[in-house]
Structures are given as C-alpha cells and as structure tokens.
Amino acid sequence: MLLELHRPGEALHYIEESLEDSIKSRNTYTHLGGLALLCYASHLLNDHKRALSALQKYFDLSGKVCMTVKFSALWMLIFWAMEEGTFSHVDGMSL
C-alpha cells in the first residue's frame with residue numbers, strides 16, 4: 001500500500017521486516033514476494049545496486065525452489081523502467 005502511495009522509504013521498513021520473518025519461518029512464497037517488493041522500492045529510492053541485488057536474489061531463490069510470485073503489475077513497472085533506462089537492463093528481461 002505504501003508503495004502505491006509513493007512512499008517507498010516508509011514501505012522499506014515493513015518490507016525488510018517481512019523479509020526477516022519470511023526467512024525465519026522458511027516461508028518461501030513470502031520471501032519471494034518480499035524480494036520483489038524490495039527490488040521495486042529500492043528502484044524508487046534510486047538505490048540501483050540494492051534493486052539489482054534483490055532482483056538477482058529473487059531469480060536465484062525462484063530457480064532453486066521452482067516457484068514464482070505473480071506480481072504482474074510490479075514486474076511490468078520494473079520492465080518499463082528498464083525500457084526507459086531508469087533501471088539497469090538485465091539480459092533476458094524486457095517487455
């Protein structure tokens with residue numbers, strides 16, 4: 001919700017907290033969702049290194065457990081940012 005209100009700085013606290021809880025509880029689906037949200041929130045905060053790191057961790061975990069999180073709107077925003085050049089291009093990913 002905070003991301004939709006364009007308040008990524010505030011959202012980051014809750015995303016990080018959720019990620020920690022998902023790791024402790026071994027909830028892979030929540031962990032993947034948290035990484036996706038961390039990627040987007042970091043992008044909005046212009047923390048490109050962290051955004052790419054979260055995206056890579058998402059891909060690594062997703063491949064390891066053969067699971068994805070379907071945040072279609074979120075991924076579209078990230079792919080659109082790649083097309084606009086505001087998010088680093090990642091090989092194999094585009095609109």
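**Exercise 1. Asparagine 46**

Task: Decide whether asparagine 46 is buried, partly exposed or exposed in this predicted model, and state what sets its backbone apart.

Solution:
- Start with the area. Asparagine 46 has a relative accessible area of 56%.
- Apply the cut-off. Exposed means over 50%, so asparagine 46 is exposed.
- Place the residue. Asparagine 46 sits in the loop between α2 and α3.
- Check the backbone. Phi of asparagine 46 is near 60°, a positive value in a residue other than glycine.

**Exercise 2. Two cysteines**

Task: Classify cysteine 39 as buried or exposed, do likewise for cysteine 66, and give the number of disulfides.

Solution:
- Cysteine 39 has 0% relative accessibility, so it counts as buried.
- Cysteine 66 has 72% relative accessibility, so it counts as exposed.
- Locate the exposed residue. Cysteine 66 lies in the loop between α3 and α4.
- Look at its backbone. Cysteine 66 has a positive phi of about 55°, although it is not a glycine.
- Count the disulfides. The structure holds zero.

**Exercise 3. The nonpolar core**

Task: Describe the largest nonpolar core: its residue count, its residues with the most contacts, and the elements that give two or more residues to it.

Solution:
- Take the count. The core has 28 residues.
- Name the residues with the most contacts inside it. They are Ile15, Leu55, Tyr58, Trp75, Ile78, Met82 and Phe87.
- Assign elements. Two or more residues each come from α1 (8-25), α2 (28-44), α3 (48-65) and α4 (72-84).
- Rank them. α2 gives the most, with seven residues.
- Zoom in on one member. Tyrosine 58 touches Leu32, Leu35, Ala36, Thr68, Val69 and Trp75, leaving out residues up to four places away in sequence.
- Set this against the general trend. In soluble globular proteins, nonpolar side chains tend to be buried together.

**Exercise 4. A nonpolar patch outside**

Task: Which residues form a nonpolar patch on the surface, and how exposed is tyrosine 29?

Solution:
- Name the patch. Tyr29, Val65 and Met67 form it.
- Give its area. Together these residues have about 250 Å² of accessible area.
- Place one member. Tyrosine 29 lies in helix α2.
- Grade it. Tyrosine 29 has a relative accessible area of 48%. Partly exposed runs between the 20% and 50% cut-offs, so tyrosine 29 is partly exposed.

**Exercise 5. Two serines in helices**

Task: Find the helix that holds serine 42 and the helix that holds serine 62, then list the contacts of serine 42 and of serine 62.

Solution:
- Serine 42 is in helix α2. At 1% relative accessibility, serine 42 counts as buried.
- Set aside neighbours within four places in sequence. Serine 42 is then in contact with Asp47, Arg50 and Ala51.
- Serine 62 is in helix α3. Its relative accessible area is 11%. Buried means under 20%, so serine 62 is buried.
- Exclude residues up to four places away in sequence. Serine 62 then touches Leu32, Met67 and Thr68.

**Exercise 6. Salt bridges**

Task: How many salt bridges are there, and which parts of the chain does the pair of glutamate 16 and arginine 50 link?

Solution:
- Recall the principle. Side chains of opposite charge can pair when their charged atoms come close.
- Count. There are two salt bridges.
- Take the pair of arginine 7 and glutamate 10. Their closest N and O atoms are 2.7 Å apart.
- Grade these partners. Arginine 7 is partly exposed at 35% relative accessible area. Glutamate 10 is partly exposed at 40%.
- Turn to glutamate 16 and arginine 50. Their closest N and O atoms are 2.3 Å apart.
- Trace the link. Glutamate 16 is in helix α1 and arginine 50 in helix α3, 34 residues apart, so the pair joins distant parts of the chain.
- Grade these partners too. Glutamate 16 is partly exposed at 28%. Arginine 50 is partly exposed at 29%.

**Exercise 7. Tryptophan 80**

Task: Locate tryptophan 80, grade its exposure, and give its C-alpha separation from leucine 95.

Solution:
- Tryptophan 80 is found in helix α4.
- Its relative accessibility is 46%, so tryptophan 80 counts as partly exposed.
- Leucine 95 is 15 residues from tryptophan 80 along the chain. Their C-alpha atoms are separated by 6.9 Å.

Note on methods. Residues are numbered from 1 along each chain as its sequence is written. This is a predicted model: local features need pLDDT of at least 70, side-chain atom pairs count only at pLDDT 80 or more; totals for chains, interfaces and linings use all residues. Side-chain values use heavy atoms; hydrogens and water are left out. A nonpolar core is a set of buried Ala, Val, Leu, Ile, Met, Phe, Trp, Tyr and Cys residues joined through side-chain atoms within 4.5 Å. Buried means under 20% relative accessible area, exposed over 50%, partly exposed in between (1.4 Å probe, protein chains only). Helices (H or I, at least four residues) and strands (E, at least two) are DSSP runs, numbered from the N terminus. Contact means heavy atoms within 4.5 Å. Patches are made of residues with over 30% relative accessible area and no salt bridge: like charges are joined within 9 Å, nonpolar side chains (Val, Leu, Ile, Met, Phe, Trp, Tyr) within 5 Å. Accessible areas come from the Shrake-Rupley method with a 1.4 Å probe; for residues, only the protein chains shown count as cover. A salt bridge is a side-chain nitrogen of Lys or Arg within 4 Å of a carboxyl oxygen of Asp or Glu. A disulfide is a pair of cysteine sulfur atoms within 2.5 Å.
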